[in-house]
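Student: I would like to go through this model and ask how its descriptions are justified. Please set each value against its criterion.

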Amino acid sequence: MRIDDRNPVSGNAESRSTKGLAFCAGLLVGSLLGSATATWSVREGLLMAAIVILAVIVFLVLKRHQTSDERLAVERRNLSTAVNNIPQGLVLYDASARIIICNRPYIEMFGLSPDVAKPGCTMQRLIAHRQETGSFDGDVDEFCNAIIRNVALGKATRQLTEAPGGRAIEIVNKPLPLGGWVATIEDITERTRADEKIAHMAHYDALTDLPNRVLFRERLEQALKAIRPGGQLAVMYIDIDEFKSVNDALGHQIGDELLKAIAGRLRACVKETDVAARLGGDEFAVIQTAIRSHTETMQLLAAIYQAIREPIDCSGHLITTDASIGIAVAPSDGIDLDQLLRNADLALYGAKSDGRRTYRFFEAGMDARAKARRSLELELRQAIADGGFELHYQPLLHLEDSKVSCCEALLRWRHPERGTISPADFIPVAEETGLINDLGHWVLNTACREAVNWPDHVHVAVNVSPIQFKSQTLALNVATALAASGLSASRLELEITEAVLIRDDEAALDILHQLRELGVRIALDDFGTGYSSLSYLQRFPFDKIKIDRAFIKDLAGAGASSTIVQAVVNIAAASDMTTTAEGVETEQQRNMLRILGCTEMQGYLFSRPVPATDIRKLLSSYRERAASVA
Ligand SMILES: Nc1nc2c(ncn2[C@@H]2O[C@H](COP(=O)(O)O[C@H]3[C@@H](O)[C@H](n4cnc5c(=O)[nH]c(N)nc54)O[C@@H]3COP(=O)(O)O)[C@@H](O)[C@H]2O)c(=O)[nH]1
């Protein structure tokens, strides 16, 4: 490429000194010739001397010129190297909009001909050449005139344009103090991509590529502003139930896969104008816009539940999942962004409090309930610290001979103001907060210590929450409680619900086997509620099935309860499991259970749960009592 051949460094100083030297030489020769009035030989000598001096001066002048030219050539080369090696394109225009310098990066950036983009070329011609070669799309004169106008006003301009290959180019034109201007041209493709990437990262979740909380709020803000009179939008907060247990049991990689799959399914559920976002962890959210009726929100909810509940294959693990969803609708539940979100959150809290796997629309009063629950949590912590709990025991009887075979330990909270609080009210809060681990530990130790006082053949049953199965120390705690109390392992029965086995939870199964190896008995509690899949019975060889009291209540009715109880009894017997009927309140129920072949009964018919002192008295006299009720 040829850049400006003219020397960017001024040559005036050089020529001034050369002229001075020649002037001095002329004066000297003139004065020598003028004063040559003496003899010829003298004149001849003087002439020779003058010639010699002149020759020396001419030599010196020429030498000086040569040195100056060489220096200028070096400077020109240096300048050329410098301007051609900066990463930016550079064009220096003079005041008449002609190129003084046009560097190589500029020519290469736009794929131009060096024969056109060279010193002396006008800006119009250069831009016209860019148009011919496809790197300029627009009106050449209009473009050039706009820059020239701004330069005349002393104003810098900045333009973004596209170079061949789709690269992003930024052109900055800066007027120079002595006229003309410099145009710097930078390929900002990578910088633009990096900026776009940073902007994307700031607004999208890295794992699922769904909008994150920041973008979710922005979109909600826009959607709220866009609500027309009579229009509505719904905000859904979606919490994946028991996600943590998947992470804990199967590892974070599987957890991530699950979240990605759920994100994909949510994305597929919403329409283009809606938003599906991941707010963090297992929290997702949806904005449903332009709703015309409540039915539309119900339809979207149904679609979301169907999508989430469909089993998901994560690296060979078929995971069944579920969700709690809280919904707030604008404008009825609030038109202010934060208020609407607070209400959706309260609705979610309501769904979780009602046992999860369900949805709740925001209702006035939810705030008060949430506050009450929070204060319950604080009081629960205090009660654990103060020892505000006690265990009651409810006997289980052999249906055959009415002998007490076991007593179930049932937790009671003696609240200083509210009296005894039912475990049904505080166990869910204890599970949510993780306090169940401390409580469960206390129950286990207290029950074992109590049971050593009972007749040897009477077992003690202790409820174990699914949350306790997430702790790696459950089997160790059980072993310690047995050792500390001296209770034989075979007298301890642990009651678990199917929630422990609801996932493909190998870790929970491992713990069950560890417990079995200790010699304790494992009972499947509340059978008949929830999914009640018979596959749970195949996955672990339980010692006992406790049939939920809902079936016992309807035993004498026209429904299918007795058929179901019979089926469970048969399945259990075939696998050497015993059966306990829960909630037996009448003689009729007891008689039917005997006929159906059930092993044990538990219920108010024989005894309500009673304090430890009462159970001791009851056990010491149970022979007589058994005889009297038989
Ligand atoms: N993880 C733990 N859970 C516990 C613990 N202690 C109790 N619980 C669970 O709380 C739920 C409610 O228990 P509770 O209010 O004690 O109710 C028990 C009995 O009182 C009740 N029952 C017994 N017989 C009858 C009857 O004839 N009729 C009737 N209406 N109710 C009756 O049943 C509850 C025992 O149920 P189960 O555990 O399924 O055998 C309850 O789910 C407890 O499990 C604890 O320490 N840890």
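Student: How far does a polar side-chain atom of R549 lie from an oxygen atom of the ligand?

Tutor: The model is a predicted one. In it, the distance from a polar side-chain atom of R549 to an oxygen atom of the ligand is 2.9 Å. A polar contact is a pair of N or O atoms within 3.5 Å, so this pair counts as one.

Student: What makes E408 and E585 polar contacts of the ligand as well?

Tutor: The limit is again 3.5 Å between N or O atoms. For E408, an N or O atom of the side chain is 2.8 Å from a ligand oxygen atom. For E585, a polar side-chain atom lies 2.5 Å from a ligand nitrogen atom. Both values are within the limit, so both pairs qualify. E408 and E585 are also among the closest of the 23 residues that surround the ligand.

Student: Why is strand β6 called largely enclosed by the rest of the structure?

Tutor: Strand β6 covers residues 232-240, and eight of its nine residues are buried, so the description follows. Buried here means under 20% relative accessible area.

Student: How do you know that β6 pairs with β8 and with β11?

Tutor: Pairing needs at least two bridges. β6 and β8 (residues 283-291) have seven, in the antiparallel sense, and D239 stands opposite E283. Eight bridges join β6 to β11 (residues 323-330), also antiparallel, with M236 opposite I327. Seven and eight both satisfy the criterion, so both are pairs.

Student: Why are β2 and β3 said to stand at the edges of their sheet?

Tutor: The open sheet has five strands in the order β2-β1-β5-β4-β3, with antiparallel pairing. β2 (99-102) and β3 (157-163) each have a single partner strand, so one side of each is left without a neighbour in the sheet. For β3, strand β4 (residues 167-175) is a partner, over seven bridges. One bridge partner pair is Q159 and I171.

Student: Which helices pack on this sheet, and what do they touch?

Tutor: Helix α4 (residues 123-132) touches β1, β2, β3, β4 and β5. Helix α5 (residues 140-152) touches β3, β4 and β5.

Student: What makes F469 stand out in the largest nonpolar core?

Tutor: That core has 78 residues, and F469 is one of five that touch the most other members. Helix α14 (residues 436-451) gives the most to this core, with seven residues. Leaving aside neighbours within four places in sequence, F469 is in contact with residues including V464, I496, L512 and L515.

Definitions and conventions. Residues are numbered from 1 along each chain as its sequence is written. This is a predicted model: local features need pLDDT of at least 70, side-chain atom pairs count only at pLDDT 80 or more; totals for chains, interfaces and linings use all residues. Side-chain values use heavy atoms; hydrogens and water are left out. Helices (H or I, at least four residues) and strands (E, at least two) are DSSP runs, numbered from the N terminus. Contact means heavy atoms within 4.5 Å. Axes are lines fitted to C-alpha atoms, for helices over the stretch in contact, and angles run from 0 to 180 degrees between N-to-C directions. A nonpolar core is a set of buried Ala, Val, Leu, Ile, Met, Phe, Trp, Tyr and Cys residues joined through side-chain atoms within 4.5 Å. Buried means under 20% relative accessible area, exposed over 50%, partly exposed in between (1.4 Å probe, protein chains only). A residue is near a molecule or strand if one of its heavy atoms lies within 4 Å of it. A polar contact is a pair of N or O atoms within 3.5 Å; within protein, one must be able to donate a hydrogen and the other to accept it, and residues adjacent in sequence count only if both atoms are side-chain atoms.
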